[in-house]
Structure formats: C-alpha cells, structure tokens
Amino acid sequence: MSQIHMFLNTSISPAAGGICLPINLENRRFSVPINGRRLIACSTIDVREPDLTASAPATSAGKLGSKEVMAAEAKVLVGTYARAPVVISSGKGCKLYDPEGREYLDMTSGIAVNVLGHGDPDWVRAVTDQANVLTHVSNVFYSIPQVELAKRLTACSFADRVFFSNSGTEANEAAIKFARKFQRFSHPDLKQPPTNFIAFSNSFHGRTMGALALTSKENYRTPFEPVMPGVTFLEYGNIQAAEELIHSGKIAAVFVEPIQGEGGIYSATREFLQTLRSACDDVGTLLIFDEVQCGLGRTGYLWAHEAYGVFPDIMTLAKPLAGGLPIGAALVTERVAATINYGDHGSTFAGGPLVCNAAIAIMDKISKPAFLGSVSMKGRHFQETLMQKLGGNPHVREIRGVGLIIGVELDVAASPLVDACRRSGLLILTAGKGNVVRLVPPLVVSEQELDRAAEVLLECLPVLDESN
C-alpha cells in the first residue's frame with residue numbers, strides 16, 4: 001500500500017465534534033464540504049512506498065530511532081561537534097542505551113561529569129524535589145540552596161568564598177577578571193599593574209575568549225584570533241622558566257591544572273606546584289588551579305591538589321559539581337574576595353536553586369572519606385588490570401593517571417580503537433594529540449565493570465594493526 005503525505009500551507013480546523021470530513025483529490029487540489037459549501041485549496045502530494053530497508057526503532061510509538069535523530073541533527077544544529085554515531089536515549093548506573101535498546105558501558109561519564117552515574121536516586125530526588133519548589137530566581141535575590149552549597153564548598157576546601165557560574169569556561173573567565181582586579185587593587189599607585197598570565201603546554205581552560213587565550217592548542221585559538229593578549233605558554237613542569245617569568249613582576253596569575261585531562265592525562269609533580277606557589281608568594285602573583293576535570297573526587301581526593309599539599313588562591317570547578325546540570329564555580333580566599341565589589345561580575349542563571357540543590361546531593365555523597373577511598377581503590381585496580389592486559393602490546397606506550405582519571409597513550413591515533421570499542425558496547429574518549437585513550441568512568445563504577453572495560457579494550461586492540 002502506498003502512503004500519501006500531505007503538506008499544506010495553512011491549517012484547516014476540523015468541524016466541531018471531531019466529525020471526519022471527506023477530502024476529494026483532483027489535479028493536486030482538494031475540496032472539503034463544510035456547511036453546504038466547498039473549501040478548495042492547493043496541496044502538495046508526495047506519494048511514495050515505505051522504506052522497507054530502514055531499521056525500525058525498538059521504541060514506543062512516535063519516538064524517533066537513531067537514524068532519524070542523526071538525520072534531523074544535521075539539518076537543525078550548528079556543526080560544531082564531530083559526534084560519535086550513537087544516539088543516547090536513556091541511562092542507568094554506568095550503562096547507557098540507544099533508542100533501539102543497544103547497551104553501552106560508559107567510561108566517559110559525559111566527559112567526567114556524571115560522577116554518580118545515570119539516574120542516581122538521591123540526585124534525582126534532589127532535582128525533582130527542588131523543581132517542585134523553586135527553579136530560578138536570578139541573583140537579584142537570595143536563595144537557600146546557593147548559600148548551602150557555598151557553605152559546603154568552603155567548609156571542605158582552602159577557600160573562604162565562592163562565585164558561581166554556569167560552566168568551567170565561565171569559572172575561568174571569572175578567575176581571569178578576579179586576578180586582574182586583585183592586581184589593580186593591590187597596586188593602586190601603578191599606572192600599569194600586572195595584567196599578564198602564564199599557562200602551560202597541553203593546557204585546556206575553555207572555549208570563551210579569555211579562557212581560550214589560556215588554552216594551548218593553536219587549532220582552538222587560531223580561527224578566533226586576536227584572543228586576549230598577554231598570555232605566555234610555558235612547558236608543563238618547567239620549573240626554571242616559570243620562576244623566571246613570575247619574578248618579572250608582570251604576571252597577574254598563573255593558571256595550571258594539577259592533572260591535565262584534555263591535554264593527555266599528565267600529572268604535575270609536587271616540586272613543580274610547590275615552586276609555583278613559592279614564586280607567586282614572592283611577588284604577589286595569584287596561583288589558580290583549574291580542577292574543572294580533575295577535581296571533586298576524580299583522583300580519590302576531593303581536590304586533586306590535596307595530594308601535593310599545595311593550595312591555590314583561586315580554584316575553578318565545574319563538570320561533576322551538579323552531576324550533569326550546568327554549573328561552575330570559582331573558589332577564592334578572603335584576600336581575593338576583598339577586592340571584588342558589587343557589579344564587578346555577575347550571571348543571570350548562575351547558582352540557581354535547582355542546580356545548587358543537585359550539587360548539594362553530589363557533595364554530600366562524594367565528600368565522604370569512604371567514597372573517596374573507594375575511588376582510590378578502584379583506580380589502582382583498574383590501572384593494574386590495564387597494565388596486565390594492555391601493557392605488553394607494542395602500540396601501548398604508557399598507562400598513567402590517578403584514581404579514575406586514566407590515560408592509555410598509544411603510538412598511533414586512538415580513534416580506530418575508540419570506534420571498535422563503541423561497536424563492542426564500550427564508550428571511551430580520546431585526549432592529548434588524539435593518541436591517548438581517556439578513561440573517566442562514573443565514580444560509582446564497579447570493579448566488575450572496570451574489568452569488562454579492560455577486556456573490551458584488549459579484544460579491540462588488534463584494530464590498531466589493521467588501521468596502520
């Protein structure tokens with residue numbers, strides 16, 4: 001049987017009472033009898049056989065399948081993402097599902113966001129309870145969840161105060177402004193106080209114009225130049241170069257990730273961070289730790305810098321803080337906060353009741369010592385398992401990381417392995433120059449799920465020989 005699809009330039013309301021009206025088609029026109037008269041209009045008639053080769057989605061009636069979603073996305077969204085050919089329709093724990101019901105083991109957690117996995121009942125309860133009470137009021141007014149979340153963040157960190165934003169890049173933009181304002185406040189008699197910044201190789205701090213200027217990958221910056229001037233990139237870990245430039249007296253702040261995520265899972269040394277802290281103290285430069293990806297329990301410590309015993313003046317957070325809802329934060333000392341006045345910065349949506357209540361649920365779980373201990377234990381188990389299964393492969397150069405932020409560096413591009421794992425039901429990411437497999441599972445992942453992930457990686461490794 002053929003299908004007739006009718007596309008009209010205007011809509012016709014049916015007769016009252018839902019009476020079906022006969023439609024007579026003739027010469028691409030149709031007529032409808034209404035109250036003794038005939039309404040005649042032009043129509044576009046598309047008659048075609050059903051596509052029997054298309055895979056029918058195993059979803060409830062009316063929902064799109066994966067092919068339909070991907071086709072629609074190509075027509076209506078700006079092409080900024082080279083997406084994997086997977087449509088995610090639901091998730092539970094560390095498992096994700098597409099519209100056809102295919103299951104995937106999630107070792108990405110939304111790029112290190114979903115620390116409690118998908119559908120955690122306490123998180124869901126916090127969101128739904130708050131949504132029933134109050135979702136948004138703006139920062140014109142006080143709201144209880146915002147204050148409660150700030151109290152939790154300051155109670156368990158070096159910081160005295162918090163500025164909320166909506167993402168990691170926004171948190172870093174706030175840190176840039178706060179550093180500039182701090183230097184201007186601290187040097188009231190200088191016509192040109194320190195305004196420059198230090199960032200490092202393999203760094204990633206965001207995609208808005210200020211944070212982008214601090215991001216080392218040239219291909220991210222070049223299409224949008226000129227970006228914010230005054231940023232010098234030094235080799236990550238180069239103590240001497242950092243000391244010399246900081247002591248020039250021209251640096252407002254140093255931005256550094258204690259563990260670089262996007263850059264390839266590189267960890268700073270204790271000596272490097274201690275030297276940065278000491279040099280900054282010598283001349284009044286601020287030290288800013290970007291823990292957007294490595295913070296909030298990912299390393300087995302609540303804050304990645306705790307392992308080094310070195311503390312910043314400002315720390316930026318985002319990804320996992322609200323467990324999947326958009327939030328960012330810049331945590332600052334009282335010395336920094338004292339230089340910021342009403343109107344110096346702001347945001348309409350930042351720190352709203354809904355996202356803050358979600359973040360409280362996250363903090364209440366991940367800040368518990370037993371939870372953090374489990375992350376460390378599972379991280380060690382995962383690295384040991386990866387070493388046993390993958391370490392002997394000639395394509396594997398190094399397996400590195402802390403807790404549940406782990407990188408497997410290859411001597412070839414990682415994308416064929418990522419694709420093969422996806423076809424086998426395992427979702428993983430790349431990092432660095434595209435030759436590092438990034439593994440950042442939900443922090444609630446089980447050892448059995450980690451073992452399964454390692455097994456799939458092992459099974460898929462031969463694809464690297466085929467693709468090279």
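This briefing covers the confidence, overall make-up, second largest pocket, cysteines and backbone exceptions of one protein model. The model is predicted, with an average pLDDT of 90 for the protein. The chain of 468 residues has 47% of them counted as buried, and its secondary structure consists of 15 helices and 22 strands.

**Confidence**

- A pLDDT of at least 70 is reached by 87% of the residues.
- Residues 1-36 form a stretch in which pLDDT stays under 50. The model nevertheless gives this stretch 62 contacts beyond four places in sequence.
- Residues 39-59 form another stretch with pLDDT under 50 throughout, and here the model has 49 contacts beyond four places in sequence.
- Where pLDDT is low, predicted coordinates should not be read in detail. The contacts listed for residues 1-36 and for residues 39-59 fall under that caution.

**Overall make-up**

- Among contacts in the protein with a separation of 6 or more, 69% join residues that are 24 or more positions apart.
- Helix α13 spans residues 415-423, and its buried residues are L417, V418, A420, C421 and R422.
- An α-helix has 3.6 residues a turn, so residues three or four places apart point the same way. In α13, L417 and C421 are both buried, as are V418 and R422.
- After α13 comes G425, which has a positive phi near 90 degrees.

**Second largest pocket**

- The volume of the second largest pocket is about 1,000 Å³.
- Its lining is made up of 26 residues. Those nearest the centre of the pocket are Q146, R161, V162, F163 and Y342.
- Three elements give two or more residues to this lining: α4 (144-155), β9 (161-165) and α10 (334-337).
- Strand β9 supplies the largest share of the lining, with four residues.
- By residue type, the lining holds 15 nonpolar, nine polar and two charged residues.

**Cysteines**

- There are zero disulfides in the structure. A disulfide is a covalent bond between the sulfur atoms of two cysteines.
- For C421, the closest cysteine sulfur belongs to C460 and lies 4.1 Å away, so the two sulfurs are too far apart for a bond.
- C421 counts as buried because its relative accessibility is 0%. This cysteine is one of the buried residues of α13.
- C156 counts as partly exposed because its relative accessibility is 27%.

**Backbone exceptions**

- Most residues other than glycine have a negative phi, and most peptide bonds are trans.
- The peptide bond from E225 to P226 is cis, with omega near 5 degrees. P226 sits in the loop that runs between α7 (218-221) and β11 (231-234).
- S138 is not a glycine, yet its phi is positive at about 75 degrees. The loop between α3 (121-131) and α4 contains S138.
- N202 is likewise not a glycine and has a positive phi of about 65 degrees. This residue is placed in the loop between β10 (196-200) and α6 (209-213).
- With a relative accessibility of 26%, N202 counts as partly exposed.

Terms used: Residues are numbered from 1 along each chain as its sequence is written. This is a predicted model: local features need pLDDT of at least 70, side-chain atom pairs count only at pLDDT 80 or more; totals for chains, interfaces and linings use all residues. Side-chain values use heavy atoms; hydrogens and water are left out. On a 1 Å grid over the protein atoms alone, a cavity is a set of points where a 1.4 Å probe fits but cannot get out, and a pocket is an open set with protein on both sides within 12 Å along at least five of seven lines; lining residues have an atom within 4 Å of a point. Grid points are joined across faces, edges and corners, and a volume is the space filled by probe spheres set on the points. Ala, Val, Leu, Ile, Met, Phe, Trp, Tyr, Cys and Pro count as nonpolar, Asp, Glu, Lys and Arg as charged, and the others, Gly among them, as polar. pLDDT is the predictor's confidence in each residue, from 0 to 100. Contact means heavy atoms within 4.5 Å. A disulfide is a pair of cysteine sulfur atoms within 2.5 Å. Buried means under 20% relative accessible area, exposed over 50%, partly exposed in between (1.4 Å probe, protein chains only).
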